[in-house]
Amino acid sequence: MGPQGLGLEITELRLGLPGAGGGGGDERSEKKRNVNTVVGWPPVCLYRQKVERKVYVKVSMDGAPILRKVDLSCCKGYLELGMALEKLFGCYGIGEAMNEESESCEYIAIYEDKDGDWMLVGDVPWAMFTETCKRLRIKRRSYSNGIGLHRTNN
Amino acid sequence: MTSSFPEEVLEHVLSFLTSQTDRNAVSLVCKTWYETDRWCRNRIFVGNCYAVNPRILIRRFPDVKSIELKGKPHFADFNLVPEGWGGYVYPWVVELARAYPSLEEIRLKRMVVTDESLEMVAKSFNNFKVLVLSSCEGFSTDGLAAIAANCRNLRVLDLRECEVEDLSGHWLSHFPDSFTSLESLNMACLVSEVSFSALERLVARSPNLKTLKLNRTVPLEKLSTLLKRAPQLVDFGTGAYSAEFRPDVYSSLAGVFSACKNLKSLSGFWDVTPAYLPVINNVCSQLTSLNLSYATTQSPDLTKIVSQCCNLQRLVVLDYIEDTGLNTVSLSCKDLRELVVFPSDPFIGDVDVQLTEHGLVAVSEGCSKLHSILYFCRQMSNSALIQISKNCPNLTCFRLCIIEPRAPDYQTLEPLDTGFGSIVQNCQHLTRLSMSGLLTDRVFEYIGTYAKNLDMLSIAFAGDSDLGLHYVLSGCDRLRKLEIRDCPFGDKALLANASKLERMRSLWMSSCLVSFGACKLLGRKMPGLNVEVIDERENVNSIPEYAPVEKVYIYRTVSGQRFDAPDFVRIMGKDKDAVYNLS
């Protein structure tokens with residue numbers, strides 16, 4: 001009903017890189033987030049919202065032929081997630097690596113978010129992470145040169 | 001005629017009228033009937049605690065055994081009523097304790113209940129039998145301990161979805177050993193672990209126990225112990241239903257369930273381990289009510305269960321059941337009257353769950369007795385709504401929530417006006433309606449024209465102009481509760497239909513276009529209404545009169561304005577110092 005049809009799109013203010021059309025993509029993720037920002041909508045009573053739901057995500061590790069699954073709702077934060085991953089794969093030190101970006105750990109953890117992008121685990125608040133994480137991957141640090149995750153260049 | 005009709009006979013006849021509506025109608029016939037009703041009416045229902053006050057109640061009804069009170073408006077369930085708004089039960093309890101020492105039953109909904117109030121209830125009524133608290137808050141387990149310790153004749157302690165400050169599970173141990181009258185215990189909303197042995201002993205010494213709803217802390221492995229003590233249960237709610245699968249636990253549980261020959265209703269099933277679901281197979285055909293809305297498991301597991309529930313009348317389930325599961329419901333549950341489908345992930349736009357309008361259409365086709373629907377989904381079409389309306393002409397309650405606000409017919413991209421129009425046209429017994437999706441003023445025209453039995457209407461993100469609101473207020477003769485959010489309705493329709501508001505219980509409007517000035521005018525012109533503007537903005541005193549209020553809650557009252565309101569609630573148009581004493 002608005003000015004969409006009148007060729008005024010180019011004058012709309014957008015957040016994003018110039019030239020990045022991403023109209024469809026933006027709208028899609030806008031839509032996904034919209035429902036979250038309206039108070040009291042959808043009308044699900046608060047009591048029901050408190051129910052914790054299991055959030056199982058697949059975890060793969062470089063060199064390990066079998067995938068595992070971890071329940072994110074069981075962990076209260078990145079440290080516990082790190083401990084759970086260590087238990088599953090023996091990737092010692094990965095918990096601290098998430099918190100501090102230290103290079104002491106041989107591994108780093110990355111995750112695929114709902115937009116399909118691969119992100120470094122540990123950047124966003126835990127609650128946001130549990131909502132957007134679709135699956136996890138534990139990579140050997142030496143293979144992640146191209147991602148630009150190192151503080152200092154080799 | 002009334003003089004030749006002895007009062008005792010009239011009283012006896014009236015005693016058969018239990019519905020509040022009927023008793024209210026009876027009391028309006030003539031003075032004698034009014035007097036007879038007031039002397040013998042002992043069950044009282046107050047739909048809005050601020051519509052009347054304890055003094056008026058006590059003066060009119062001298063002998064009350066059972067009272068039900070409702071406080072906050074319905075939208076409080078969705079966080080739209082700020083904390084501290086009101087709905088305090090304490091002032092009522094004080095007066096009730098004084099006037100009715102033989103009061104037996106208190107039922108409260110959306111009220112603020114303190115430990116003090118519970119302690120007063122526990123100490124003031126010798127023959128207290130029934131306490132039901134629905135969506136209440138403000139009390140702790142200490143208050144429950146007082147009830148347990150003092151109410152020797154308690155039969156029902158029912159806490160439904162309350163916000164309880166859970167200090168410890170010790171309250172349950174306060175029921176004395178001599179206490180054996182328990183018939184119903186619902187502690188599902190409590191968080192703390194109670195002493196299992198105290199619980200077991202309580203169940204063992206309560207031969208009349210029919211309803212038992214546990215909280216999550218009671219583990220699955222302990223259920224058989226409890227059920228063995230209470231094979232007479234009719235309504236059972238499990239605790240957390242997850243455990244590592246063990247054949248001995250499984251067969252023990254299956255055995256005790258089979259022994260519950262009177263079991264008709266099941267609920268609970270938090271964190272369900274699907275392998276344990278089939279223990280209820282043998283009781284499925286007995287069930288008339290099944291609540292699986294906390295069973296976070298996939299469609300096949302849920303479907304297997306419902307396919308065996310041939311006598312089911314009420315089903316509450318998550319959207320995990322998917323269209324395929326609902327199709328099975330339509331084929332297996334031919335006696336279904338009520339269907340509730342909650343969303344598993346309400347705040348995410350796209351989910352992997354295949355629940356669409358097809359599931360609801362299937363159930364409407366297969367279950368001819370269906371009269372009540374609450375359905376959350378992510379897509380809807382006019383054709384589906386039309387089909388549903390034709391399949392279920394006896395619908396009394398239709399609540400549809402399409403998760404995305406203003407979502408159009410996903411096939412035609414048109415508004416859903418014709419679909420909902422068809423609902424109100426074909427379902428002449430409809431008393432409750434909640435709408436969603438893209439809706440124009442036209443749907444309100446349909447509602448005003450056809451929904452003559454509508455009692456409660458909920459509207460969100462709908463309509464184009466004041467005309468929409470006008471259609472509803474002027475057309476729906478039986479409308480008593482109207483709640484609106486985020487609609488472009490302003491002053492015109494409201495002021496033009498001011499007198500209608502006195503024939504309704506209440507009207508809620510938030511994020512609409514009603515101005516301060518209109519609220520003030522309405523409050524001034526209508527002494528029989530409280531016009532509460534609820535506005536939490538810091539600069540609210542400097543906002544001009546033509547600007548819209550955040551929220552307004554209008555209700556009829558014979559009690560005048562209330563004096564327990566917080567500073568973000570203003571009762572508009574009433575002189576603060578004058579007390580409108582209309583009694």
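The overall form of chain B is described here, followed by its surface, its charges and its cysteines, all from a predicted model.

The secondary structure of chain B comprises 20 helices and 23 strands, and the C-alpha trace extends over about 70 × 65 × 60 Å along its principal axes. For a chain of 583 residues, a radius of gyration near 25 Å would be expected of a compact globule, and the value of 25 Å computed for chain B therefore agrees with such a form. Among the contacts in chain B with a separation of 6 or more, 70% join residues that are 24 or more positions apart.

Of the 583 residues in chain B, 58% are buried, while the accessible surface of the chain amounts to about 23,500 Å², with carbon and sulfur atoms contributing 50% of that area. The charged side chains of chain B number 61 positive and 67 negative, and a distance of 6 Å separates the centres of the two sets.

With a disulfide taken as a pair of cysteine sulfur atoms within 2.5 Å, the count over all chains is zero. In the case of Cys162(B), the closest cysteine sulfur belongs to Cys189(B) and lies 4.9 Å away, which is too far for a bond; Cys162(B) is counted as buried because its relative accessibility is 4%. Cys309(B) likewise takes part in no disulfide, the nearest cysteine sulfur being that of Cys284(B) at 3.8 Å, and Cys309(B) is also buried, its relative accessible area being 0%.

Key. Residues are numbered from 1 along each chain as its sequence is written. Chains are lettered from A and ligands numbered from 1 in the order in which they are written. This is a predicted model: local features need pLDDT of at least 70, side-chain atom pairs count only at pLDDT 80 or more; totals for chains, interfaces and linings use all residues. Side-chain values use heavy atoms; hydrogens and water are left out. Helices (H or I, at least four residues) and strands (E, at least two) are DSSP runs, numbered from the N terminus. The radius of gyration is taken over C-alpha atoms; the globule rule is 2.2 Å times the number of residues to the power 0.38. Buried means under 20% relative accessible area, exposed over 50%, partly exposed in between (1.4 Å probe, protein chains only). Contact means heavy atoms within 4.5 Å. Accessible areas come from the Shrake-Rupley method with a 1.4 Å probe; for residues, only the protein chains shown count as cover. Lys and Arg count as positive and Asp and Glu as negative; His and the chain ends are not counted. The place of a charge is taken as NZ of Lys, CZ of Arg, CG of Asp or CD of Glu.
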